[in-house]
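Here is a short tour for anyone who likes to see a fold taken apart piece by piece. Please have the viewer open and follow along.

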Amino acid sequence: MIERIGTGIRSSKIVKHNGVAYITGQVGEGATIQEQTIECLSRVDALLTQAGSSREKMLRVTIWLADMSDFDGLNEVWNAWVPEGHSPARACGEAKLARAELKVEVIVDAAYD
């Protein structure tokens, strides 16, 4: 069975199937990479909770940065956010994001009970 949560015209906020919750890409507001990452990860937390999951159950994370020069700033926030011993498989690359002011987008796949 496939369960879709927060389904709109273009996408669903969460799609659950076979024990995995697929969380749609999240962004944040703010002037710095740190501010945007904090807000973005706060949104991820809320969606993980809604999916019946948590940071400890993340399987894979894809991170898109508008500029790889923000990599260190991203990791400053990321390293404090990920629970020790529960780091997911992760990829991080550079991409043109949907709006010029966006610096980061995070996409999460996580197990759920």
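The sections below go through the sheet, its helices, one hairpin, one strand residue and the main pocket.

## The sheet

A word of caution before we start: this is a predicted model. Its 6 strands form an open sheet, and going across you meet them in the order β1-β2-β3-β6-β4-β5, with mixed pairing. The edges are held by β1 and by β5 (89-94), each of which pairs on one side only. Averaged over neighbouring strands and with direction ignored, the turn of one strand against the next is 10 degrees.

Let's walk through some of the pairings. β2 and β3 are antiparallel and share 4 bridges, and here Val 15 sits opposite Tyr 22 of β3. From β3 we step to β6, again in the antiparallel sense, this time over 5 bridges. Two residue pairs to pick out at this step are Ile 23, which stands opposite Val 108 in β6, and Val 20, whose bridge partner in β6 is Ala 111.

β6 also pairs with β4, in the antiparallel sense over 7 bridges; Arg 60 has Asp 109 in β6 as its bridge partner. The parallel sense appears between β4 (residues 58-65) and β5, which pair over 6 bridges. A handy landmark there is Trp 64, opposite Gly 93 in β5.

## Two helices against the strands

Helix α1, spanning residues 33-50, packs on the sheet and touches β1, β2, β3, β4 and β6 (104-111). The direction of α1 makes about 25 degrees with that of β6.

Helix α2 covers residues 71-81 and lies across β4, β5 and β6, running at about 155 degrees to β4. Which residues of α2 are buried? They are Gly 73, Leu 74, Asn 75, Val 77, Trp 78 and Trp 81. As a reminder, an α-helix has 3.6 residues a turn, so residues three or four places apart point the same way. The buried residues of α2 pack against α1, β4, β5 and β6.

## The β2-β3 hairpin

β2 and β3 form a hairpin with 2 residues between them. Asn 18 lies in the loop that joins these strands. The phi of Asn 18 is near 55 degrees, a positive value in a residue other than glycine.

Is Asn 18 buried or exposed? Asn 18 counts as exposed because its relative accessible area is 68%, and the cut-off for that class is over 50%. If you want a sense of distance, take Asn 18 and Asp 45: they are 27 residues apart in sequence, and their C-alpha atoms are 21 Å apart in space.

## Leu 59 in its strand

Leu 59 belongs to strand β4. Why does Leu 59 count as partly exposed? Its relative accessibility is 41%, so it falls between the buried limit of under 20% and the exposed limit of over 50%.

Setting aside neighbours within four places in sequence, Leu 59 is in contact with Val 20, Pro 88, Ala 89, Asp 109, Ala 110 and Ala 111. One of these partners, Asp 109, is 50 residues away from Leu 59 in sequence, yet the two are 5.6 Å apart in space, C-alpha to C-alpha.

## The largest pocket

How much space lies in the largest pocket? The volume is about 250 Å³. Its lining is made up of Gly 6, Thr 7, Gly 8, Arg 10, Ser 11, Ser 12, Lys 13, Thr 24, Gly 25, Gln 26 and Glu 105. The elements that each give two or more residues to this lining are β1 (2-7), β2 (12-17) and β3 (20-26). The most comes from β3, with 3 residues.

By class, the lining of the largest pocket has 8 polar and 3 charged residues, and no nonpolar ones. In this classification glycine counts as polar, a point to keep in mind when you read the lining list.

Conventions: Residues numbered from 1 in each chain as written. Predicted model: local features only at pLDDT ≥ 70, side-chain atom pairs only at ≥ 80, totals over all residues. Heavy atoms only, no water. 1 Å grid on protein atoms, 1.4 Å probe; cavity = no way out; pocket = protein on both sides within 12 Å on 5 of 7 lines; lining within 4 Å. Points joined across faces, edges and corners; volume = space filled by probe spheres on them. Buried < 20%, exposed > 50% of the residue type's maximum accessible area, 1.4 Å probe, protein only. Pairing = 2+ DSSP bridges. Axes fitted to C-alpha atoms, helices over the stretch in contact; angles between N-to-C directions. Contact = heavy atoms within 4.5 Å.
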